[in-house]
Amino acid sequence: MVSRAERVTLSRSAARERRRARLGPLSGLSHVALIVWTVLVVVPIVWTFLASVKSEDEIFGSAWSLPATLRWDNWARAWAGAHVGLYMLNSVVVVALGTFGTMLLGSMAAYVLARYRFRGNRAIYLLFVSGLAFPVYLALTPLFFVVRNLGALPLVGPLIGLDTRGGLVLVYIAYSLPFTVFFLSAFFRTLPQAVAEAAFVDGASHSRVFFQIMLPMARPGVVSITIFNILGQWNQYQIPLVLLSGQAKDKWVLTQGIADISTAAGYDADWSALFAALSMAILPMLIVYTIFQRQIQAGLTTGSFK
Amino acid sequence: MADGRPRRPGRAGREGFVRARFITGFLAAPVLLYLVYVISPYAQAFSIAMTDWRGVSAAPRFVGLANFGRLLGDGVFWRAVGHNALLLVLLPLLTLAIALFFAFLLNAGGQGGGVAGVWGSGFYRVVFFFPQVLAVAIVAVLFQQVFRPDGSGMLNGPLIALGLEPVGFLSDPGVAFWSILAVLVWQAVGFYVVLFSAGMASIPREMFEAARIDGAGRVQLFARVTLPLLWETVQVGWIYLGIAALDVFALVWVMTAEHGGPDHSTTVMAAEVYRNAFQYFKFGYASAMGVVLFFFTVAFAVLALRLSRRERIEF
């Protein structure tokens with residue numbers, strides 16, 4: 001208990017001073033290992049940023065030369081000419097709608113499955129959870145035809161068929177449900193019943209209790225699963241590749257677009273635009289992550305511990 | 001499983017109706033979406049797998065188990081399965097080992113002989129996590145450039161400048177698979193460092209201090225205190241990475257030559273399903289692959305559940 005008392009009395013800065021003063025040789029070795037990995041992570045990214053402002057000759061001259069002048073026109077070419085701006089906007093729209101839909105439908109299903117007893121509850125729960133184990137690609141062929149056939153439906157067809165954002169969003173939601181339902185129902189089960197009971201006595205309806213009491217109480221879980229879903233859906237490549245064909249290039253998401261620019265760079269010989277496009281795809285993610293890193297790290301780890 | 005509203009006698013019928021309406025209302029949309037987009041494709045895969053369906057407009061003809069027979073002799077498919085199996089072992093092993101090492105350094109590698117974390121651990125955690133927030137397809141394009149075979153490659157540039165032979169990271173069939181594995185590990189480590197750090201932070205400090213007083217060194221601290229107490233988190237990580245290893249697609253499809261090449265040396269199951277369905281338009285054959293892989297995945301899931309039953313240490 002001495003240590004605890006000691007810790008309380010030490011102010012942060014004093015502790016830091018002491019730590020620095022006592023940096024032993026092993027601690028030095030720890031830093032060497034950690035710095036090596038930092039370099040491994042940072043250098044490819046920095047190298048890409050550097051190449052994005054080089055000229056074609058500089059890129060092919062020597063991999064590590066510094067650019068003579070900063071050629072921001074590479075960025076302009078990638079943004080407008082290679083449509084990176086459009087792809088990014090598409091990704092943002094699809095992921096925003098997809099994540100919102102996933103969280104809404106997923107939390108509703110998880111809540112009912114976690115807190116209401118009725119016939120078939122267990123079966124539905126297991127149906128959802130079994131989806132956790134199976135990668136999307138196992139049923140890729142039939143999925144393509146399901147979406148194609150839905151596109152032939154009257155009225156809604158043109159909104160949810162192949163080559164539509166709506167179809168992509170619905171597929172994202174459906175494939176995010178197993179994970180979302182599994183973790184959120186575990187979360188809902190841990191919530192106390194007393195508050196909900198009091199609300200019921202006051203005459204609140206079932207759905208009101210859910211939206212105004214239980215959902216806010218489950219906030220840490222909801223935030224964490226939301227982050228997982230945003231990262232997961234942003235990451236998607238195979239599903240959009242199947243559902244958004246070359247005829248719907250204006251609807252392509254960023255991963256698809258960048259991969260396509262990479263293939264095209266070989267033919268067009270515009271490698272500097274490729275590096276600029278890559279930098280544009282990387283930079284916003286790093287900025288958003290750095291701003292929210294505390295919440296993201298905390299959110300992701302609570303999700304895994306539940 | 002506490003139920004919602006307390007029941008009042010005499011109003012049970014009305015209550016029951018309201019309750020049933022609520023349950024149905026909340027479940028209808030998610031279950032419908034799930035049945036249409038997830039369950040029905042899996043179910044259809046089995047019937048499509050028994051047809052010779054080729055081409056979007058052609059009419060499928062029933063051929064029984066012929067596709068499965070052909071699959072047995074398909075060398076490329078089995079190479080893909082072998083690569084996934086290898087990834088299933090190596091990806092978790094390498095990632096978890098590296099992540100545990102760094103998490104231990106960050107949390108217990110500092111002064112005081114292994115009780116405190118190193119200075120700047122917050123900074124390292126942030127940087128190590130960077131690759132995790134990038135989409136795999138983007139990382140694939142990035143490393144395509146890093147691995148370029150000539151002087152313009154990030155790695156080969158310096159090698160050539162030093163007068164050494166350039167390495168065919170993606171062009172040498174003997175090397176390409178290991179390049180894929182390296183990128184997968186590069187991207188995954190950060191998440192597990194953060195995961196394990198959180199796990200280690202929840203271990204009471206007194207445990208480390210007690211072990212220290214008993215004369216435990218750094219290695220012993222790790223092996224006797226940290227690892228056993230973290231075992232459950234390690235298992236969670238193992239299952240996540242196992243799923244990731246079976247799911248590899250974007251990296252192989254985007255980064256490698258010929259989508260899984262050179263000479264099929266990096267191809268994976270997801271790439272073969274995609275290639276057969278959407279490049280060769282052999283829908284029946286691709287579905288048969290899906291069905292076989294479905295059973296492999298079930299086997300993996302059962303195995304993972306079996307192996308993960310180990311006594312939990314309470315603290």
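Start by selecting A:Thr48 in this predicted model: A:Thr48 has 23 C-beta neighbours inside 10 Å, and because the cut-off for burial is 20 or more, the residue counts as buried. You will find A:Thr48 in helix α3 of chain A.

Now add A:Phe275 to the selection. It sits 227 residues away from A:Thr48 along the chain, yet the two C-alpha atoms are separated by 6.0 Å. To see the rest of the surroundings, show the contacts of A:Thr48 beyond four places in sequence: within chain A these are A:Phe275, A:Leu278, A:Ser279 and A:Ile282, and from chain B come B:Leu142 and B:Gln145.

**Next stop: the interface**

Those two chain B residues lead nicely to the whole contact region. Colour the residues where the chains meet: 81 residues of chain A are in contact with 83 residues of chain B. Which helix of chain A gives the most to this side? Helix α3, residues 25-51, does, with 14 residues. If you colour the chain A side by residue class, you get 52 nonpolar, 23 polar and 6 charged residues. For the complex as a whole, the predictor gives an ipTM of 0.83 and a pTM of 0.85.

**A second buried residue**

Move on to A:Leu177, which is in helix α10 (residues 165-189) of chain A. Is A:Leu177 buried or exposed? With 25 C-beta neighbours inside 10 Å, A:Leu177 counts as buried. Draw a distance from A:Leu177 to A:Ser107, C-alpha to C-alpha, and you should read 9.2 Å for a pair 70 residues apart in sequence. Setting aside neighbours within four places in sequence, A:Leu177 touches A:Thr102, A:Leu105, A:Gly106 and A:Phe128, and also B:Pro30 and B:Tyr34 from the other chain.

**Two helices across the chains**

Select helix α8 (residues 140-150) of chain A together with helix α13 (residues 283-307) of chain B. Their axes are 8 Å apart, and the helices pack at an angle of about 125 degrees. That angle is neither over 145 nor in the range 65 to 115, so α8(A) and α13(B) are oblique to each other.

Show the side chains where they meet: A:Leu140, A:Thr141 and A:Pro142 on α8(A), facing B:Phe283, B:Ala286, B:Ser287 and B:Gly290 on α13(B). By class, this contact holds 4 nonpolar and 3 polar residues, with no charged ones.

**Chain B on its own**

Hide chain A and switch chain B to a cartoon. You will see 13 helices and 0 strands. Of its 315 residues, 44% count as buried. Contacts that reach far along the sequence are well represented: among those joining residues at least 6 apart, 65% join residues at least 24 apart.

Then colour chain B by its domain assignment, with domain 1 at 1-38 and domain 2 at 70-307. The C-alpha centres of these two domains lie 43 Å apart.

**Last stop: confidence**

Finish by colouring chain B by pLDDT. The mean for the chain is 83, and 89% of the residues reach 70 or more. Where in chain B is confidence lowest, and where is it highest? The lowest is helix α4 (residues 111-114), at a mean of 48, and the highest is helix α11 (residues 250-255), at 92. Two more stretches deserve a look. Residues 4-10 have pLDDT below 50, with 14 contacts in the model beyond near neighbours in sequence. Residues 311-315 are also below 50, and there the corresponding number of contacts is 6.

Technical notes: Residues numbered from 1 in each chain as written. Chains lettered and ligands numbered in written order. Predicted model: local features only at pLDDT ≥ 70, side-chain atom pairs only at ≥ 80, totals over all residues. Contact = placed C-beta atoms within 7 Å. Helix = DSSP H or I, 4+ residues; strand = E, 2+ residues; numbered from the N terminus. Nonpolar A, V, L, I, M, F, W, Y, C, P; charged D, E, K, R; others polar. pLDDT = per-residue confidence, 0-100. Axes fitted to C-alpha atoms, helices over the stretch in contact; angles between N-to-C directions. Parallel < 35°, antiparallel > 145°, perpendicular 65-115°, else oblique. Buried ≥ 20, exposed ≤ 12 C-beta atoms within 10 Å, placed from the backbone. Domains from an automatic or database assignment.
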